[in-house]
Amino acid sequence: MRKFEKLASLNRYMPLKKKGNEESNIGLLVDGPNILRKEFDLDLKVIKDLMDISGDLRIAKVLFNQYASDKLIEAVVNQGFTPLVVAGDTDVHMAIEAMELIYNPNIDIIALMTRDADFLPIINKAKENGKETIVIGVDYGFSIALKNSCDKCIILSTEGDVLES
């Protein structure tokens, strides 16, 4: 048996599609420079707990620009998120990551934690492809267009309380 034939036989043991009524798999992307600010004082543990209500958080990434401090990155890792430090505009990289989630057959729900309407086309594309969408934002400067286009919207206050869900 050749090596690739052994790999192909793994599909029987590790199915891509879920069977039955198992929880939905969630892919979460956090717009770090836009959301993880001192003035918002958000706890990523709260976000993970909110996602547990909707399904099983399978992918959780926080995108940072090159100015992110080592302590902030370490804190994100300690919360169980994957940090991605990118050069240039984080919105472009976040859009690429979101498109990968949209076309990932193992992800049922696309969750974006952001405040700006730059991600409206991503929400629309996810819905076109049959994905449920969740947007998590902060009440200060949150885009009404994002709120009105997603399937579920969670708005946090700057004190960390859930204002709307």
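**Contacts, cores and cysteines in a predicted model**

Leaving aside neighbours within four places in sequence, Lys61 is in contact with Leu28, Leu29, Val30, Phe81, Thr82, Leu84 and Glu97. The model in which these contacts occur is predicted, and within it Lys61 belongs to strand β2. Along the chain, Lys61 is 51 residues from Leu112, and the C-alpha atoms of these two residues are separated by 10.0 Å.

The chain as a whole contains seven helices and seven strands, and these elements follow one another along the sequence in the pattern α-β-α-α-β-α-β-α-β-α-β-α-β-β. Of the contacts in the chain with a separation of 6 or more, 58% are accounted for by residues 24 or more positions apart. Buried residues make up 39% of the 165 residues in the chain, while the area that the chain exposes comes to about 9500 Å², of which carbon and sulfur atoms supply 51%.

In soluble globular proteins, nonpolar side chains tend to be buried together. In the present model, the largest nonpolar core has 27 residues, and those with the most contacts inside this core are Leu28, Met51, Met113 and Ile136. At least two residues of the core are supplied by each of β1 (25–31), α3 (44–54), β2 (56–64), α4 (70–78), β4 (109–113), β5 (132–138) and β6 (152–156). A second, separate core has 19 residues, including Ile110, Phe119, Ile122 and Val135. The surroundings of Met113 comprise Leu28, Leu29, Val30, Asp31, Ile35, Leu42, Ile47, Met94, Ile136 and Leu156, with which Met113 is in contact when its neighbours within four places in sequence are left aside.

Thr90 is placed in helix α5 (residues 90–102) and is buried, with a relative accessible area of 7%. Apart from neighbours within four places in sequence, the residues in contact with Thr90 are Asp31, Pro33, Leu63, Phe64 and Asn65. Tyr103, by comparison, has its place in the loop between α5 and β4, and its contacts, again leaving aside neighbours within four places in sequence, are with Lys125 and Asn129. Tyr103 and Asn129 are 26 residues apart in sequence, and their C-alpha atoms are 8.0 Å apart in space.

Leu120 lies in helix α6 (residues 120–128) and is partly exposed, since its relative accessible area is 24% and the buried class requires a value under 20%. When residues up to four places away in sequence are not counted, Leu120 touches Ala145, Leu146 and Ser149. The C-alpha atoms of Leu120 and Cys150 are 8.7 Å apart, although the two residues are 30 positions apart in sequence.

Cys150 itself counts as buried, at 10% relative accessibility, and Cys153 likewise counts as buried, at 9%. A disulfide is a covalent bond between the sulfur atoms of two cysteines. The cysteine sulfur closest to that of Cys150 is in Cys153, at 4.6 Å, and because this distance is too far for a bond, the pair does not meet the cut-off of 2.5 Å. Cys153 is accordingly in no disulfide, the nearest cysteine sulfur being that of Cys150, and the count of disulfides comes to zero.

The largest pocket holds about 220 Å³ of space. Its lining is made up of Ile35, Leu36, Arg37, Lys38, Asp41, Leu42, Asp43, Leu44, Leu72, Ala75, Val76 and Gln79, and the largest share of this lining, three residues, comes from α4. Helix α4 (70–78) is also among the elements that each supply at least two residues of the largest nonpolar core. Two of the residues that line the pocket, Ile35 and Leu42, are in contact with Met113, which is one of the residues with the most contacts inside the largest core.

Conventions
Residues are numbered from 1 along each chain as its sequence is written. This is a predicted model: local features need pLDDT of at least 70, side-chain atom pairs count only at pLDDT 80 or more; totals for chains, interfaces and linings use all residues. Side-chain values use heavy atoms; hydrogens and water are left out. Helices (H or I, at least four residues) and strands (E, at least two) are DSSP runs, numbered from the N terminus. Buried means under 20% relative accessible area, exposed over 50%, partly exposed in between (1.4 Å probe, protein chains only). Contact means heavy atoms within 4.5 Å. A nonpolar core is a set of buried Ala, Val, Leu, Ile, Met, Phe, Trp, Tyr and Cys residues joined through side-chain atoms within 4.5 Å. Accessible areas come from the Shrake-Rupley method with a 1.4 Å probe; for residues, only the protein chains shown count as cover. On a 1 Å grid over the protein atoms alone, a cavity is a set of points where a 1.4 Å probe fits but cannot get out, and a pocket is an open set with protein on both sides within 12 Å along at least five of seven lines; lining residues have an atom within 4 Å of a point. Grid points are joined across faces, edges and corners, and a volume is the space filled by probe spheres set on the points.
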